[in-house]
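Here's a walk through one protein model, from a single loop residue out to its cores, rings and disulfides. Have the viewer open as you read.

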Amino acid sequence: CSGETIILTASGGNNYLWNTSDTTNSIAIVMAGVYTVSSSNFCGTISESISITTGVFPIALITGDSVICNNNGIVLTAAGGDTFLWSNESTLPSTNFNNAQQIYAIAINSCGSDTAYKTIYDYSLTADFTSNYTPNNNAPIEISFTNSSTNSLTYHWNFGDGNSDTLVNPLHTYTNNGEYTVVLTAHNEFCFDTYEIIFVFNTPNLVYIPNVFTPNDDDVNDVFTIVGDNISEIECQIFNRWGEKLYTWDM
């Protein structure tokens, strides 16, 4: 490993000669390379070689986001070693965390180990609101909104009719009947959330049917007329006081 000294020891002969010019059976080395030693006795000489490589100490590193939003877990990845051990006992390079906490990852290789630390924050928030809307209201009508969001800082309202606002508790007037999807998007420094609800403002189906008319040409109630909204067809029958049908017509 970088900066370390290792001892190479030869055996099996009476004398030794290293390619470093050392003649002892053991030498201390601090650099990578190929080291060869020759050993001899009365029967002859033999050589042996060994290749030394340089290893580096691990430097642990944790990469990935440090913020959790609305219960969505985050994936963190460790680097700087050959194997890893996380604070949640995972030994995979990447692991998932689902709540705020202080975590660590140990990076390990043949030269040793190193530890990296990371703090996970939870900035989850909830968008929510209430209003004075009630079913069967009719436009034009002013609706007041009460913001009940939590852990949020800024807001964007979409009223569903092409208008929007950024107030905390806005007022909005709907000028036409119809169906509108109101969406509140709440933000904080890191996360956002949305809440929506549908408002329906209906045109009432009003119908006025007279219960008497006097067709006597005195210009008062001479004509039987039905008045109403959204009428597509009518079938009428007129009876006298004795239950006799006098007239029927469609329109």
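## A loop asparagine

Asn-188 sits in the loop between β18 and β19 (strands here are DSSP E runs of at least two residues, helices H or I runs of at least four, all numbered from the N terminus). A quick word on ground rules: this is a predicted model, where local features need pLDDT of at least 70, side-chain atom pairs count only at pLDDT 80 or more, and totals for chains, interfaces and linings use all residues. Residues are numbered from 1 along each chain as its sequence is written, and side-chain values use heavy atoms, with hydrogens and water left out.

Is Asn-188 buried or exposed? With a relative accessibility of 14%, Asn-188 counts as buried (buried is under 20% relative accessible area, exposed is over 50%, and partly exposed is in between, using a 1.4 Å probe and protein chains only). Its side chain makes a polar contact with the backbone oxygen of Asn-151 at 3.1 Å, and a polar atom of that side chain also lies 2.9 Å from the backbone nitrogen of Phe-190. For polar contacts, read N or O atoms within 3.5 Å; within protein, one must be able to donate a hydrogen and the other to accept it, and residues adjacent in sequence count only if both atoms are side-chain atoms. Leaving aside residues up to four places away in sequence, Asn-188 touches Tyr-123, Leu-125, Asn-151, Ser-152 and Leu-153 (contact means heavy atoms within 4.5 Å).

## The largest core

Which residues touch the most other members of the largest nonpolar core? Out of its 19 residues, the answer is Ile-143, Phe-145, Trp-157, Tyr-174, Val-182, Phe-199 and Phe-201. A nonpolar core, for the record, is a set of buried Ala, Val, Leu, Ile, Met, Phe, Trp, Tyr and Cys residues joined through side-chain atoms within 4.5 Å. At least two residues of this core come from each of β14 (141–147), β15 (154–158), β18 (178–187) and β19 (192–201), and β18 gives the most, with 4.

Trp-157 has plenty of contacts to click through: again skipping residues up to four places away, its list includes Phe-129, Phe-145, Leu-167, Val-168, Pro-170 and Val-182, along with Asn-147, Asn-163 and Asp-165.

## Rings in the neighbourhood

There are 19 aromatic pairs in the structure. Rings of Phe, Tyr and Trp (its six-membered ring) pair if their centres lie within 6.5 Å; planes under 30 degrees apart count as stacked, over 60 as edge-to-face and the rest as tilted. Tyr-174 and Tyr-180 make a tilted pair, 4.9 Å centre to centre with 40° between the planes. The ring centres of Phe-199 and Phe-201 are 6.3 Å apart and their planes sit at 75°, so that pair is edge-to-face.

Tyr-174 is buried, at 0% relative accessible area, and Tyr-180 counts as buried too, at 12%. Phe-199 is buried at 1%, and Phe-201 is buried at 1%. Ring pairs link these four into a cluster with Phe-129, Tyr-133, Phe-145, Trp-157, Phe-159 and Tyr-195.

## A second core and an alternating strand

A second, separate core has 14 residues, including Ile-74, Leu-76, Ala-78 and Phe-84. Phe-84 belongs to strand β9 (residues 83–86), where side chains alternate: Phe-84 and Trp-86 point to one face and are buried, while Thr-83 and Leu-85 point to the other and are not.

β9 runs antiparallel to β11 (residues 101–109), with 4 bridges joining them (strands pair if DSSP finds at least two bridges between them). Thr-83 has Ile-108 as its bridge partner in β11.

## Two disulfides

The structure holds 2 disulfides, each called from a pair of cysteine sulfur atoms within 2.5 Å. One joins Cys-1 to Cys-111, S to S 1.9 Å, and is left-handed, with -105° about the S-S bond. Cys-1 is in the segment before β1 (6–9) and Cys-111 in the loop between β11 and β12 (112–122), 110 residues apart. Cys-1 is partly exposed at 26%, whereas Cys-111 counts as buried at 11%.

The other joins Cys-69 to Cys-191, S to S 1.8 Å. Its S-S torsion is about -75°, so this disulfide is left-handed. Cys-69 lies in the loop between β7 (67–68) and β8 (74–79) and Cys-191 in the loop between β18 and β19, so the pair ties together parts 122 residues apart in sequence. Cys-69 is partly exposed at 21%, and Cys-191 is buried at 4%. In sequence order, the bonded cysteines pair 1-3, 2-4.
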